[in-house]
Amino acid sequence: MIVPVSRKACHVAENSAPAEVVCDPVGRVVGGRTEVHDDAWEDVSAVIRLDGRFGPEALAGLDSFSHLEVVYHFDRVAPDKVEAGARHPRGNTDWPLVGIFAQRGKNRPNRLGVSRCRLLSVEGLDIHVRGLDAVDGTPVLDVKPYMDEFGPRGATRQPAWATEIMRRYY
């Protein structure tokens with residue numbers, strides 16, 4: 001059975017200037033951590049539970065993949081905490097002052113998070129994962145299977161502070 005989506009899940013709002021993009025979550029994170037912590041996400045297990053607009057067929061074949069990319073909303077970041085300029089990552093003045101688009105902090109202009117996590121299983125509308133760095137109740141905007149071909153081509157580089165900040169993240 002195919003369940004129709006009653007309205008466009010992500011659309012440009014009419015009569016708004018500048019254009020506003022509105023996205024309805026496809027589901028929520030259930031379980032895992034209840035509070036935001038910056039590190040040690042590797043062993044955190046949670047469920048991404050799709051909402052009633054979808055049937056289990058929306059997840060058909062997903063269990064063939066080992067990892068997912070999950071797009072979610074940092075809903076616990078207050079709008080007045082959003083950064084638009086530069087800051088020291090995690091407030092650590094030992095690290096350089098860098099623009100918000102040169103880091104992956106949660107206080108982003110659109111408060112969007114993107115995470116790669118291990119897919120453990122799929123049961124009905126529940127996607128069981130490990131290593132998703134989103135807390136219980138977080139709105140999930142999209143779920144995609146991770147495919148090697150979408151990874152970077154060629155060598156990658158990053159500054160030393162980024163390697164240091166991620167040392168204990170997963």
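Here is a walk through this structure, from the whole chain down to a few single residues.

The first thing to know is that you're looking at a predicted model. The protein chain has 170 residues, and 33% of them are buried. If you boxed up its C-alpha atoms along the principal axes, you'd need a box of roughly 55 × 45 × 35 Å. On the outside, the chain exposes about 10800 Å², with carbon and sulfur atoms supplying 52% of that area.

What is the chain built from? It has ten strands and one helix. Follow the sequence from its start and you meet the strands one after another, with the helix coming at the end: β-β-β-β-β-β-β-β-β-β-α. There's also a lot of long-distance contact along the chain. Take the contacts between residues at least 6 apart in sequence, and 71% of them join residues at least 24 apart.

Now for the barrel. Six strands form a closed barrel in the order β3-β4-β9-β8-β5-β10, and their pairing is antiparallel. Neighbouring strands in this sheet are turned against each other by 45 degrees on average, ignoring direction. As for what holds such an arrangement together, strands of a sheet pair through backbone hydrogen bonds, either parallel or antiparallel.

Let's go around, beginning with β3. This strand covers residues 27–30 and is joined to β4 by four bridges, with the two running antiparallel. One spot to look for is G27, which stands opposite L50 in β4. Next, β4 (residues 45–50) pairs with β9 (residues 126–130) in the antiparallel sense, over five bridges. Here you can find I48 facing I127 in β9.

From β9 we step to β8, residues 112–123. Five bridges join β8 and β9, again antiparallel. S121 has H128 in β9 as its bridge partner. β8 and β9 make a hairpin with two residues between the strands, and in that hairpin G124 takes a positive phi near 60 degrees.

In the barrel order, β5 comes after β8, and then β10. Strand β5 (residues 67–73) and β10 pair over five bridges in the antiparallel sense. Look for V70 here, standing opposite V143 in β10. Which strand does β10 meet on the way back to the start? Strand β10, residues 139–145, pairs with β3 in the antiparallel sense, over two bridges. G27 turns up again at this seam, with V140 as its bridge partner in β10. So G27 is a handy landmark: it stands opposite L50 in β4 and is also bridged to V140 in β10.

While we're at β3, take a look at V29, which sits in that strand. Is V29 buried or exposed? It's buried, with a relative accessible area of just 2%. Leaving out residues up to four places away in sequence, V29 touches A46, V47, L132, A134, V135, D136, G137, T138 and V140. For a sense of how the fold brings distant parts of the sequence together, compare V29 with V129: they're 100 residues apart in sequence, but 9.9 Å apart in space, C-alpha to C-alpha.

Two arginines in the loops deserve a glance too. R90 lies in the loop between β6 (86–87) and β7 (98–99). Its phi is positive, about 55 degrees, although it isn't a glycine. R111 is in the loop between β7 and β8, and it also isn't a glycine but has a positive phi, of about 50 degrees. As for their surroundings, R90 is partly exposed, with a relative accessible area of 34%, whereas R111 is buried at 18%.

Last stop: the cysteines. How many disulfides does the structure hold? Zero. Why doesn't C117 form one? The closest cysteine sulfur to that of C117 belongs to C23 and is 19 Å away, which is too far for a bond, since a disulfide needs two cysteine sulfurs within 2.5 Å. C117 itself is buried, with a relative accessible area of 2%.

How values were computed:
Residues numbered from 1 in each chain as written. Predicted model: local features only at pLDDT ≥ 70, side-chain atom pairs only at ≥ 80, totals over all residues. Heavy atoms only, no water. Pairing = 2+ DSSP bridges. Buried < 20%, exposed > 50% of the residue type's maximum accessible area, 1.4 Å probe, protein only. Axes fitted to C-alpha atoms, helices over the stretch in contact; angles between N-to-C directions. Contact = heavy atoms within 4.5 Å. Areas by Shrake-Rupley, 256 points an atom, 1.4 Å probe, with all protein chains shown as cover.
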